[in-house]
Amino acid sequence: LELNGRFWQGRYSLGLLVAQTGDYKQAEVELRQVITQQPKLAKAHHALGSVLQHEGKLARAVNEFKTAIELDSTLFYAYGDLARALGSQRKYVAEVYYLRKALALNPPPSTAYSFEIQLGTACDHAGQTGNAIQALRRAVKLNPESSQAHYALATTYAKDSRYQEAKPEFEKTLVLDASNSEARLSLAKTLVAMGEPAQAMPLLREYVRHVPGNYEAYY
């Protein structure tokens with residue numbers, strides 16, 4: 001850049017690099033200069049949106065993500081980041097809308113898994129329990145060894161009083177991650193709700209050994 005200040009490719013790379021170091025203020029300066037030179041560069045708008053999101057400037061981040069999508073409608077990750085920014089503003093219906101747009105672009109399986117987890121949470125917040133369960137089932141199918149996916153699905157079942165379906169998902173969560181104390185407590189509560197307190201007792205005793213400060217388990 002000292003040799004050629006108009007070398008926007010180098011400035012774009014510099015903006016990404018300083019963002020990775022956590023210097024979002026400098027990253028914003030570099031990326032805005034790139035956009036001044038290349039206003040139709042979708043990936044620059046997306047990168048700037050990500051930086052603004054890290055800075056807590058959510059409304060501005062949303063605008064940059066939308067601009068990136070308008071310039072290149074194939075950027076599935078821009079849809080995902082836009083959805084996340086809207087979710088941070090508690091605009092859950094909009095978050096659901098853009099996550100569905102992202103998934104319609106057939107992202108790689110690992111990314112699709114993340115989007116389905118996010119979609120399940122967003123649908124739950126939006127009061128769309130059935131859609132939340134469908135999304136989380138797809139997440140489990142995409143990554144059956146994910147304790148996070150099984151736990152999220154189990155929790156959504158339990159909130160909908162579908163205890164028979166919640167129970168095996170909580171159990172699978174604990175098989176995959178025995179350290180998940182909240183899953184252990186939730187499984188115990190599910191068993192009590194199903195009229196199986198004898199099965200719940202050892203789980204509760206195990207829980208209070210590890211988390212002695214939670215009144216709910218003692219209750």
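Is Glu116 buried or exposed? In this predicted model, Glu116 is buried, its relative accessible area being 6%, and the views below set this residue among the helix contacts and salt bridges around it.

**View 1. Packing of helix α7 against helix α8.** Helix α7, which spans residues 109-125, packs with helix α8, which spans residues 129-142, at an angle of about 160° and with 8 Å between the two axes. Because angles over 145 degrees count as roughly antiparallel, α7 is described as roughly antiparallel to α8. The crossing formed by α7 and α8 is left-handed.

**View 2. Residues in the contact of α7 with α8.** On the α7 side the contact is made by Pro109, Ala112, Tyr113, Glu116, Ile117, Leu119, Gly120, Cys123 and Asp124, and these residues meet Thr129, Asn131, Ala132, Ala135, Leu136, Arg138, Ala139 and Leu142 in α8. By character, the residues of this contact comprise 11 that are nonpolar, three that are polar and three that are charged.

**View 3. The salt bridge of Arg138 with Glu116.** The side chains of Arg138 and Glu116 come together in a salt bridge with an N to O distance of 2.8 Å. Since Arg138 belongs to helix α8 and Glu116 to helix α7, the pair ties together parts of the chain that are 22 residues apart in sequence. Arg138 is partly exposed, with a relative accessible area of 32%, whereas Glu116 is buried, at 6%.

**View 4. Salt bridges of Glu165 with Arg137 and with Arg162.** The side chain of Glu165 meets that of Arg137 in a salt bridge at 3.6 Å, N to O. This pair links distant parts of the chain, as Arg137 lies in helix α8 and Glu165 in helix α10, residues 163-176, with their positions 28 residues apart in sequence. The side chain of Glu165 also forms a salt bridge with that of Arg162, here at 2.7 Å, N to O. Arg137 counts as partly exposed, at 40% relative accessibility; Glu165 counts as partly exposed at 30%, and Arg162 is likewise partly exposed, at 27%.

**View 5. A salt-bridge network involving Glu28, Arg32, Glu55 and Lys57.** In this view Glu28, Arg32, Glu55 and Lys57 are joined to one another through a network of salt bridges. For the structure as a whole, the search finds 13 salt bridges, including the pair of Arg138 and Glu116 and the pair of Arg162 and Glu165.

Note on methods: Residues numbered from 1 in each chain as written. Predicted model: local features only at pLDDT ≥ 70, side-chain atom pairs only at ≥ 80, totals over all residues. Heavy atoms only, no water. Axes fitted to C-alpha atoms, helices over the stretch in contact; angles between N-to-C directions. Helix = DSSP H or I, 4+ residues; strand = E, 2+ residues; numbered from the N terminus. Parallel < 35°, antiparallel > 145°, perpendicular 65-115°, else oblique. Left-handed = near helix turned anticlockwise from the far one by under 90°. Contact = heavy atoms within 4.5 Å. Nonpolar A, V, L, I, M, F, W, Y, C, P; charged D, E, K, R; others polar. Salt bridge = Lys/Arg side-chain N within 4 Å of Asp/Glu carboxyl O. Buried < 20%, exposed > 50% of the residue type's maximum accessible area, 1.4 Å probe, protein only.
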